[in-house]
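Here is a friendly walk through one protein chain, from its overall build down to a few unusual backbone spots. Keep the 3D view open as you read.

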Amino acid sequence: MTTLIYTHKACMNHDTGDNHPERAERLRAVLDALAMPSLSVLDHREAPLATLSQLTRVHRRTYIDQALSTVPSSGHAYLDPDTVISPGSGEAARRAAGAVCGAVDAVMHGDATRAFCAIRPPGHHADSDHAMGFCIFNNVAVGAAHALVQYDIRRVAIVDFDVHHGNGTQNIFSREPRMLLTGSHQMPLYPGSGAASEVGIGNIVNMPLAPNSGRKEFETQWRTHGLARLATFEPELIFISAGFDGHRDDPLAQLELVGADYAWLTNEIVKIAEQSAAGRVISTLEGGYQPDALADSCVAHVKALI
């Protein structure tokens with residue numbers, strides 16, 4: 001069965017201004033790379049708009065209204081010091097969250113077993129009541145909540161290998177017993193959370209990596225802690241917050257990963273999905289700020305999903 005790609009041209013219209021690291025060129029590089037002939041088996045689909053009911057499963061209505069009403073008619077505005085928005089940002093944010101919900105529906109209805117959401121803005125720093133770190137809505141959390149509400153699923157897992165801790169996702173689900181969150185990230189680094197001692201109600205597995213960590217440390221943490229716990233949890237659906245800013249060429253962090261490392265972890269996740277989740281994996285793009293490194297890593301990741 002094929003792998004789906006969810007995206008939308010509106011995601012290109014989220015303009016963050018000159019010299020902002022989270023810019024449209026990131027997504028353009030990813031989509032150009034995924035258009036190569038060897039990936040012609042991918043089924044490209046248009047991301048729907050997230051509905052208000054989907055967004056309010058994880059975000060407060062007052063925040064949703066405030067974020068969308070702040071979208072300027074021209075120029076730029078700020079939801080936080082790092083999160084810049086433009087006239088196209090409202091639709092882009094709704095398409096990004098909607099992509100994950102659309103992927104859930106497609107996978108749960110049997111259209112495919114796996115999907116990759118090539119979207120922006122990213123989402124895993126967005127909390128229930130505020131934007132943060134380039135993120136407006138928490139795309140993976142909106143999709144995971146949609147899966148829990150709409151389908152008869154008892155165990156959902158989110159795997160986050162972005163170089164920055166997914167603090168928003170953790171805050172949203174830290175007391176949800178049906179959710180397991182496993183994540184590796186550089187520490188110390190923005191946003192300053194994600195210590196191994198942060199365990200929620202026992203459903204959070206944080207794996208901090210020291211600056212300059214590479215393949216050995218990455219694989220050891222995942223084999224010993226993340227993958228072992230994921231397999232024991234026996235998820236019925238797995239989401240991935242796929243941030244590729246741990247790549248050695250990324251300008252915002254100091255890990256030493258390459259595309260092959262992301263391919264390895266993705267393959268391991270797929271193996272677990274085949275055992276307990278009928279192969280179902282939904283991945284959504286988070287960080288990655290050097291376009292060539294991001295494109296290379298995404299191709300390795302998507303090939304592993306296939």
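Helices and strands here are runs assigned by DSSP, at least four residues for a helix and at least two for a strand, and they are numbered from the N terminus. Please keep in mind that this is a predicted model.

**The chain as a whole**

By that count, the chain has nine helices and 10 strands. Its C-alpha atoms fill a box of roughly 50 × 45 × 40 Å along the principal axes. A compact globule of 306 residues would have a radius of gyration near 19 Å, and the value of 17 Å for this chain agrees with that. Of the 306 residues, 61% count as buried. The accessible surface comes to about 11300 Å², and carbon and sulfur atoms account for 48% of it. Contacts often reach far along the sequence: taking those between residues at least 6 apart, 75% join residues at least 24 apart.

**The sheet**

How are the strands of the open sheet ordered? Eight of them line up as E2-E1-E5-E10-E9-E6-E7-E8, with parallel pairing. Strand E2 (43-46) and strand E8 (204-209) stand at the edges; each has a single partner strand, so one side of each is left without a neighbour in the sheet. On average, neighbouring strands are turned by 15 degrees against each other, direction ignored. As general background, strands of a sheet pair through backbone hydrogen bonds, either parallel or antiparallel.

Two of the pairings can be followed residue by residue. Strand E5 (residues 114-117) runs parallel to strand E10 (residues 281-285), and four bridges join them; arginine 114 has valine 281 of E10 as its bridge partner. Strand E7 (residues 179-186) is joined to E8 by six bridges, again in parallel, and here glycine 183 is partnered with asparagine 206 of E8. Although E8 stands at an edge of the sheet, it is mostly covered, with five of its six residues buried.

Helix H4 (residues 89-108) lies across several strands, namely E1 (3-7), E2, E5, E9 (237-242) and E10, and runs at about 170 degrees to E5.

**Cysteines**

How many disulfides does a search of the whole structure find? The answer is zero. For cysteine 11, the nearest cysteine sulfur belongs to cysteine 117, 9.7 Å away. A disulfide would need the two sulfur atoms within 2.5 Å. Cysteine 11 counts as buried because its relative accessibility is 0%. Cysteine 135 is in no disulfide either, and its nearest cysteine sulfur, that of cysteine 11, is 13 Å away. Cysteine 135 also counts as buried, at 0% relative accessibility.

**Unusual backbone spots in loops**

Four loop positions are worth finding in the viewer.

| Residue | Backbone feature | Loop |
|---|---|---|
| Proline 188 | cis bond from methionine 187, omega near 5 degrees | between E7 and E8 |
| Proline 191 | cis bond from tyrosine 190, omega near 5 degrees | between E7 and E8 |
| Asparagine 212 | positive phi of about 75 degrees | between E8 and helix H7 (215-233) |
| Alanine 278 | positive phi of about 55 degrees | between helix H8 (259-276) and E10 |

Asparagine 212 has its positive phi although it is not a glycine, and the same holds for alanine 278. Are these two residues buried or exposed? Asparagine 212 is exposed, with a relative accessible area of 54%. Alanine 278, at 51% relative accessibility, also counts as exposed, since the cut-off for exposed is over 50%.

Note on methods: Residues numbered from 1 in each chain as written. Predicted model: local features only at pLDDT ≥ 70, side-chain atom pairs only at ≥ 80, totals over all residues. Heavy atoms only, no water. Pairing = 2+ DSSP bridges. Axes fitted to C-alpha atoms, helices over the stretch in contact; angles between N-to-C directions. Contact = heavy atoms within 4.5 Å. Rg over C-alpha atoms; globule rule 2.2 N^0.38 Å. Buried < 20%, exposed > 50% of the residue type's maximum accessible area, 1.4 Å probe, protein only. Areas by Shrake-Rupley, 256 points an atom, 1.4 Å probe, with all protein chains shown as cover.
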